[in-house]
Amino acid sequence: MRQLILRCLLALTVALPAAPVFAQGAKGASGLPLPRFVSLKSRKVNIRIGPSTDYPVAWMYMKSGTPMEIIQEYENWRRVRDADGTEGWVNQALLSGERTAVAAPWMRSKGTDIYVNLRRDPQSTAAVVAKLQPGVVVQLDECNGDWCRAQANGTKGWVSQAEIWGAYPGEAFK
């Protein structure tokens, strides 16, 4: 009976949408900040509708390195959101602290001549070293609050933090 009550309470918390958390001051059960960005560690990752293997798979990701935003924690499960807003639960063992980002996912349907510039230096006047199509995943080495040092397919450069999904506005890290 006690387990049934616990499952019902858990189902209620899963069914209710997570309150959006924008301040980086909140901490999850892990002691790490919520929300925060991570990436998928494995090539195949199941996203479930609840925090347990007892819940059905809602979605399967087929590419390691895909950036995810952790928005909630429950034991060793993390509620994540992708660049398109899809949410679900994944086991923490399938996530990596390696930072990645998606180039302007909101521009995917705007046409074929839209690009995000990867620049030699962290300034808008610097030479363009690559043009990234919206939706391209890049590895992030560091961000200074305005620009992120990134690499895509072996090409390294700087991308405006405002043109990626995978780092918060003003967020700095190395």
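Buried means a relative accessible area under 20%, exposed means over 50%, and partly exposed lies in between (1.4 Å probe, protein chains only). The legends below describe a predicted model in which local features need pLDDT of at least 70 and side-chain atom pairs count only at pLDDT 80 or more, while totals for chains, interfaces and linings use all residues. Residues are numbered from 1 along each chain as its sequence is written, and side-chain values use heavy atoms, with hydrogens and water left out.

**View A. Salt bridge of Arg108 and Asp84.**
A salt bridge is a side-chain nitrogen of Lys or Arg within 4 Å of a carboxyl oxygen of Asp or Glu. Here Arg108 meets Asp84 at 2.8 Å, N to O. The pair links distant parts of the chain, 24 residues apart: Arg108 is in the loop between strand 10 and strand 11, and Asp84 is in the loop between strand 7 (77-81) and strand 8 (87-91). Strands (E, at least two residues) are DSSP runs, numbered from the N terminus. Arg108 counts as partly exposed because its relative accessibility is 40%, whereas Asp84, at 54%, is exposed. The structure holds 8 salt bridges.

**View B. Salt bridge of Arg99 and Glu171.**
The closest N and O atoms of Arg99 and Glu171 are 3.0 Å apart. Arg99 sits in the loop between strand 9 (95-96) and strand 10, and Glu171 in the loop between strand 16 (164-165) and strand 17 (172-173), 72 residues apart. Arg99 is buried, with a relative accessible area of 14%, and Glu171 counts as buried at 15%.

**View C. Surroundings of Glu69 in strand 6 (residues 67-74).**
Glu69 has a relative accessible area of 8% and is therefore buried. Its side chain is joined to that of Tyr168 by a polar contact of 2.7 Å. A polar contact is a pair of N or O atoms within 3.5 Å; within protein, one must be able to donate a hydrogen and the other to accept it, and residues adjacent in sequence count only if both atoms are side-chain atoms. Not counting residues up to four places away in sequence, Glu69 touches (heavy atoms within 4.5 Å) residues including Pro35, Phe37, Val80 and Trp165. Salt bridges that share partners join Glu69, Arg79, Arg81 and Glu87 into one network. Within this network, the side chains of Arg81 and Glu87 meet at 3.1 Å, N to O.

**View D. Disulfide of Cys143 and Cys148.**
A disulfide is a pair of cysteine sulfur atoms within 2.5 Å, and a search of the whole structure finds 1. The sulfur atoms of Cys143 and Cys148 are 1.9 Å apart. The link is right-handed, with 105° about the S-S bond. Cys143 counts as buried at 3% relative accessibility, as does Cys148 at 0%.

**View E. Strand 14 and its two hairpins.**
Strands pair if DSSP finds at least two bridges between them. Strand 13 and strand 14 run antiparallel, joined by 4 bridges; in the turn of their hairpin, Gly145 has a positive phi of about 105°. Strand 14 also pairs with strand 15 (residues 155-160) in the antiparallel sense, over 6 bridges. Arg149 is the bridge partner of Glu142 and stands opposite Trp158 in strand 15. Of the 6 residues of strand 14, 5 are buried.
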